[in-house]
Amino acid sequence: MRMKNQQKNRHDADFARRFAPLAAYAARMDLIGEASALLRGDADTEIAGVSEQRESCGDIVVHTIKVLNDEGARNIGKSVGSYITIEMPPAEDQHTLANIAATTAAQLSRLLPPLNNGTLLVVGLGNRKAVPDALGPAVVELSYATRQLLRDDKQAARELASVCTLAPGVSLDSGIDSAELIRGVAASLKPCALIVVDSLAAASVKRVGTTIQIGDSGITPGSGLGNQAAALDRATLGIPVIAIGVPTVVDTTAIIWETLQALAGYRAKRLPDARLAVDEAACDYVEQQLLTAFNGRLMVTPKDIDDLIAAAAEIIAAAIAIAAHPAADAENYHDYIK
């Protein structure tokens, strides 16, 4: 497992090596695991102020990264807090999906405060009209809002937690920034915690749809696409903010680099004497040849993105239900989502 992880870290670091400075590029990555691999490099060097741990749960790998202090935050370009990355196999059957949901729920429970009699606010960021960006709204659509039910039926509290849901949409539709809407709702509702679900951007094709990231440092919506909206975190909202995301898009720069790397490996096996130089110049050349009409950049998503969003939304909605509702578990979670 360690050898496999080292090879993966080298792959991520090789891709990112063409960007300079490295620390600045790491700060732009949605996935902290990619940023960590970039900064650790080939030698797997420790990052000051950052701790990491990996554990396997069958086919599921849980990678926990803790940014311990301000030094670690500066080094890795992420806020102080805990970040849990769940590397999952394809959810090809209901049993696998339930296992992933249960693992995700267990990790989510580590970061959530006790709900007791408080309300959990679940927010789905994104644009439901754009499928790769629709993960957040899809999770909200699957999640039951139980707050009003518990007001009318006190006995239901034995099985249910108080949950409210919100899908603020995008500012282009409403003219209101998502962070403004969420702050207003939170100020009125006074929830004990906020869960924010959003689509993420990956720096590797292999990460798309195969990774769930959970963090307790909040979220800056759209940061992976260069949109620096107002941050949603404990400092701005006054309550714990848990961010959950799944990579649904990848930059064409990453695809070009990984394609050239794969081609170089293929040629090295078939033609040992023929070397294919894979460097920044090669990537720049391909980008100029193919992407000039798009200013050198595209964000790409899989053709089966509808299925990917549906599966990821069910996993996350189920995980939230299992973590929040006292009576929900991996076997009966369908009773607690729509």
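N116 sits in the loop that links α5 (94-111) to β4 (119-124), and it makes a handy way into this predicted model. Its phi is positive, at about 50°, even though N116 is not a glycine. That is worth a second look, since most residues other than glycine have a negative phi. N116 also counts as exposed, because its relative accessibility is 70% and the cut-off for that label is over 50%.

K190 tells a similar story in another loop, the one between α9 and β6. Here too phi is positive, at about 55°, and K190 is not a glycine either. With a relative accessible area of 64%, K190 is exposed.

K190 also leads to a residue in the helix that comes before its loop. V185 lies in α9, a helix that covers residues 178-189. Once the neighbours within four places in sequence are set aside, V185 is in contact with L121, L166 and K190. Of these partners, L166 is 19 residues away from V185 along the chain, yet the two C-alpha atoms are separated by 8.9 Å. Is V185 buried, exposed or something in between? V185 counts as partly exposed, because its relative accessible area of 30% falls between the 20% limit for buried and the 50% limit for exposed.

Stepping back, here is the overall picture. The protein has 338 residues, and 48% of them count as buried. Its secondary structure comes to 13 helices and nine strands. Contacts often reach a long way along the sequence: taking those between residues at least 6 apart, 70% join residues at least 24 apart. The protein exposes about 16,400 Å², and 51% of that area is supplied by carbon and sulfur atoms.

How confident is the predictor in all this? The average pLDDT is 85, and 87% of the residues score at least 70. Some stretches do worse, and residues 15-23 are among them, with a pLDDT below 50; even so, the model gives this stretch 22 contacts beyond near neighbours in sequence. Residues 224-228 also have a pLDDT below 50, and that stretch has nine contacts beyond near neighbours in sequence. The details of these two stretches are best left aside here.

Among the strands, β8 is a good one to follow. This strand runs over residues 241-251, and 11 of its 11 residues are buried. Which strands does β8 pair with? One partner is β6 (residues 193-202), which runs parallel to β8 and is joined to it over nine bridges. Within that pairing, S199 has V246 of β8 as its bridge partner. Another partner is β7 (residues 211-215), this time in the antiparallel sense and over three bridges. Two residue pairs help to place that contact: I214 stands opposite I244 in β8, and G215 has A243 of β8 as its bridge partner. Then there is β9 (residues 299-300), antiparallel to β8 and joined to it by two bridges. There, D251 stands opposite M299 in β9.

β7 deserves a closer look of its own. Apart from its pairing with β8, β7 is joined by five bridges to β3 (residues 81-87), and those two strands run antiparallel. I84 has I214 of β7 as its bridge partner, and I214 also stands opposite I244 in β8. That puts I214 in bridges to both β3 and β8. In a regular strand the side chains alternate between the two faces of the sheet. Which residues of β7 lie on each side? T211, Q213 and G215 are on one side, I212 and I214 are on the other, and all of them are buried, so both faces of the strand are covered by the under 20% cut-off. The count agrees: five of the five residues of β7 are buried.

The β9 end of this arrangement brings the text back to the surface. F294, L298 and V300 form a nonpolar patch there, with about 220 Å² of accessible area together. One of the three, V300, falls within the residues of β9, which are 299-300. L298 has its place in the loop between α12 (280-291) and β9. L298 counts as partly exposed because its relative accessibility is 31%, and that value also passes the cut-off of over 30% for joining a patch.

Definitions and conventions:
Residues numbered from 1 in each chain as written. Predicted model: local features only at pLDDT ≥ 70, side-chain atom pairs only at ≥ 80, totals over all residues. Heavy atoms only, no water. Helix = DSSP H or I, 4+ residues; strand = E, 2+ residues; numbered from the N terminus. Buried < 20%, exposed > 50% of the residue type's maximum accessible area, 1.4 Å probe, protein only. Contact = heavy atoms within 4.5 Å. Areas by Shrake-Rupley, 256 points an atom, 1.4 Å probe, with all protein chains shown as cover. pLDDT = per-residue confidence, 0-100. Pairing = 2+ DSSP bridges. Patch = residues over 30% accessible without salt bridge, like charges linked within 9 Å, V, L, I, M, F, W, Y side chains within 5 Å. Salt bridge = Lys/Arg side-chain N within 4 Å of Asp/Glu carboxyl O.
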